[in-house]
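Trainee: I'd like to look closely at one part of this model. Could you pick a single helix and walk me through it, along with the chain it belongs to?

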Amino acid sequence: MNNRVSTALHYLALCAIALVCVFPFWWTVVTALSTEGNIFAFPPTFWPKSPSLVNFEEAFRVIPFFAFFKNSVLIAAFTVFWKLVLCSMAAYPLARLRFKGRQLVFGLILATMVLPSEVNFLVNFITVTKLSLVDTYAGVILPNVVTAVAILLLKQAFEEVPQDLIDAARVDGASEWIIFTRIMLPLVAPWLATVGILTAVEAWNEYIWPSIVMSRPDEFPLSVGVLYLRGTFGSSTRVIAAGTVLTVLPTLAAFLFTQRYFMRGMDGAVK
Amino acid sequence: MNRSTVQAWLFLAPALVLLAVFSFWPVGYGSYLAFTDYSLVRPTSFVGLDNFRYIFNNDMFVTGLENSLVFLLMVPFVQIGALSLAVLVNNQLPGIRLFRAAFYVPVVTTVSVVGIMWGFMFHEQGTLNYVLTTLRLVNAPVGWLSDDTLALFCIMFVTMWRGLGWYMVMYLAALQAVPADMHEAAMLDGANRWQRFWKITVPMLKPTIAVCSVLSVLAALKAYQEVDVLTQGGPMNSTFTALYYAYDQGLKHLKLPRALAASMVVSVFCIGIAMLCLRWLQPGKK
């Protein structure tokens with residue numbers, strides 16, 4: 001009996017916290033789907049009244065939603081691709097080759113984790129301007145492509161590959177590049193997937209940097225465009241709510257289907 | 001240089017070039033620019049400590065720095081909250097994965113959406129005021145984001161809301177690494193749940209607690225994105241944080257040297273406080 005009470009209390013606590021975490025999303029969805037009644041009415045509505053998709057249609061009409069969506073997809077896809085290519089290339093020699101300066105390079109990469117990177121955008125904006133990368137995808141993507149966390153995760157993955165496989169390939173006369181692309185990369189595919197998914201969500205959610213690099217509204221990704229919607233059409237809360245739902249839906253779907261990668265990615269990063 | 005050294009450096013080169021340009025250059029060049037009067041329209045000259053003098057005599061920056069230190073108050077709440085959450089979800093109860101997902105959802109939500117949604121929640125006729133007035137905890141609706149003493153705490157709450165799930169996952173991983181037989185042995189010795197938590201779990205988790213606390217301290221000192229999406233520093237500049245000042249000066253007013261001086265001050269605080277934390281959490285090491 002005592003056990004049942006404690007389980008019930010346990011679930012009660014879980015539900016209460018889950019409510020705080022999820023309620024803002026629920027309220028936004030309800031507001032976006034409803035077409036009747038005062039939005040900020042007392043008491044508020046927790047269930048859509050005469051639901052329809054008309055607010056979504058309006059959101060599509062007032063903002064270039066498809067352009068925002070395309071920008072978000074391209075930025076996320078390019079960031080993932082180049083991060084996987086460059087970070088795995090950097091991780092491989094750190095994990096498996098003996099060379100001069102290995103400790104130094106490893107130290108430098110670790111150092112970027114403690115540098116005050118939050119404000120790098122101030123100088124990076126000058127750099128991107130000088131390189132004429134303002135208003136380009138490259139300008140948004142390049143500073144986010146190489147990260148210490150990704151290199152560390154992949155280094156760990158490469159370290160777990162049995163040495164015999166590499167030795168056998170060397171005996172057969174395979175070059176390092178062949179070993180890397182034909183043997184190592186396929187074997188660490190699960191870890192590439194982990195880094196890729198974490199990166200995709202991060203890139204999709206990036207807000208400050210794209211808003212600095214991209215100056216024209218039709219170049220914005222969704223994360224920036226959704227605020228542009230609030231600024232420009234501030235009166236229609238329902239339309240803003242609809243835009244908000246459209247912005248979070250892809251990340252939430254990606255997260256729910258790939259949850260285990262998030263839990264594992266973190267785990268690896270701490271070790 | 002032998003062949004494998006050349007090969008290794010070729011593999012590393014592209015990543016190192018990008019790190020040099022976008023991670024090291026900003027710190028080095030930025031530190032230099034903080035002591036200059038850099039602007040896009042005229043040649044740069046060295047001005048010594050002028051920018052630092054300016055910001056320390058500027059109310060917005062001083063308020064911002066104070067607010068950034070106030071932000072540190074949320075660190076114990078975040079860490080104790082996240083550890084409690086991790087303990088709550090560290091079991092095989094039916095549906096537990098769903099709860100883990102629910103607690104993590106705020107982490108994967110972009111900050112702009114978080115700002116919009118919590119703007120709705122904090123609205124004067126919003127849900128929060130409805131709940132509080134219905135429960136008779138307040139007499140009249142509260143202007144959460146328009147009150148110059150409350151707004152900062154609202155931003156801190158939202159920052160915490162966004163961060164809890166992340167730390168929860170860190171603690172969950174650490175909890176799952178605690179060997180089950182330690183708990184079984186303690187149970188045989190008659191230790192209850194509470195005793196096992198304090199005598200086994202907490203000591204085993206100490207390294208994770210230390211790392212998470214330091215990360216949390218740094219995150220608190222560097223908070224500014226939530227300010228941008230919720231209040232943009234208002235009302236009456238009461239919600240400026242030190243880095244929000246840097247962001248505001250650097251990008252909205254194009255006063256780059258000032259912004260960089262402000263961010264250097266934050267970095268010094270970060271390094272100092274992180275070192276204090278580490279020493280405090282690991283009294284054995286000197």
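**A helix and its chain**

Mentor: Sure, let's begin with the whole chain and then zoom in. Of the 286 residues in chain B, 47% count as buried. Keep in mind as we go that this is a predicted model.

Chain B has 13 helices and zero strands, so reading from the N terminus you meet α-α-α-α-α-α-α-α-α-α-α-α-α. Its C-alpha trace spans about 75 × 75 × 35 Å along the principal axes. If you take the contacts in chain B between residues at least 6 apart in sequence, 68% of them join residues at least 24 apart.

The chain is also divided into two pieces: domain 1 covers 1-30 and domain 2 covers 57-281. Taken over C-alpha atoms, the centres of domain 1 and domain 2 of chain B are 34 Å apart.

Now for the close look. Our helix is α1 of chain B, residues 3-33, and a good place to meet it is where the two chains touch. There, 62 residues of chain B are in contact with 66 residues of chain A. Helix α1 (residues 3-33) gives the most to chain B's side, with 18 residues. That side of chain B divides into 45 nonpolar residues, 16 polar and one charged.

Follow α1(B) along and you'll find that it isn't straight: a kink of about 45° lies at B:A13, shortly before the proline B:P14. Next, which residues of α1(B) are buried? Ahead of that proline come B:A8, B:F11 and B:L12. Further on, the buried ones are B:A15, B:L18, B:L19, B:F22, B:S23, B:P26, B:V27, B:G30 and B:L33. Here's a handy idea for reading a list like that: an α-helix has 3.6 residues a turn, so residues three or four places apart point the same way. Try it on the structure by tracing B:A15, B:L18, B:F22 and B:P26, which are among the buried residues.

For contrast, hop over to chain A. Helix α8 (residues 163-171) of chain A has nine residues and the number buried is zero, so this helix lies largely in the open. Just after α8(A), A:G173 takes a positive phi of about 85°.

One more stop in chain A is A:L110, which sits in helix α4 (residues 102-114). A:L110 is exposed, because it has 12 other C-beta atoms within 10 Å, and 12 or fewer counts as exposed. The C-alpha atoms of A:L110 and A:L152 are separated by 8.7 Å, with the two residues 42 apart along the chain.

Terms used:
Residues are numbered from 1 along each chain as its sequence is written. Chains are lettered from A and ligands numbered from 1 in the order in which they are written. This is a predicted model: local features need pLDDT of at least 70, side-chain atom pairs count only at pLDDT 80 or more; totals for chains, interfaces and linings use all residues. Two residues are in contact if their C-beta atoms, placed from the backbone, lie within 7 Å. Helices (H or I, at least four residues) and strands (E, at least two) are DSSP runs, numbered from the N terminus. Ala, Val, Leu, Ile, Met, Phe, Trp, Tyr, Cys and Pro count as nonpolar, Asp, Glu, Lys and Arg as charged, and the others, Gly among them, as polar. A residue is buried if 20 or more other C-beta atoms lie within 10 Å of its own, exposed if 12 or fewer, and partly exposed in between; C-beta atoms are placed from the backbone. Domain bounds come from an automatic or database domain assignment. The bend at a residue is the angle between axes fitted to the seven residues ending there and the seven starting there.
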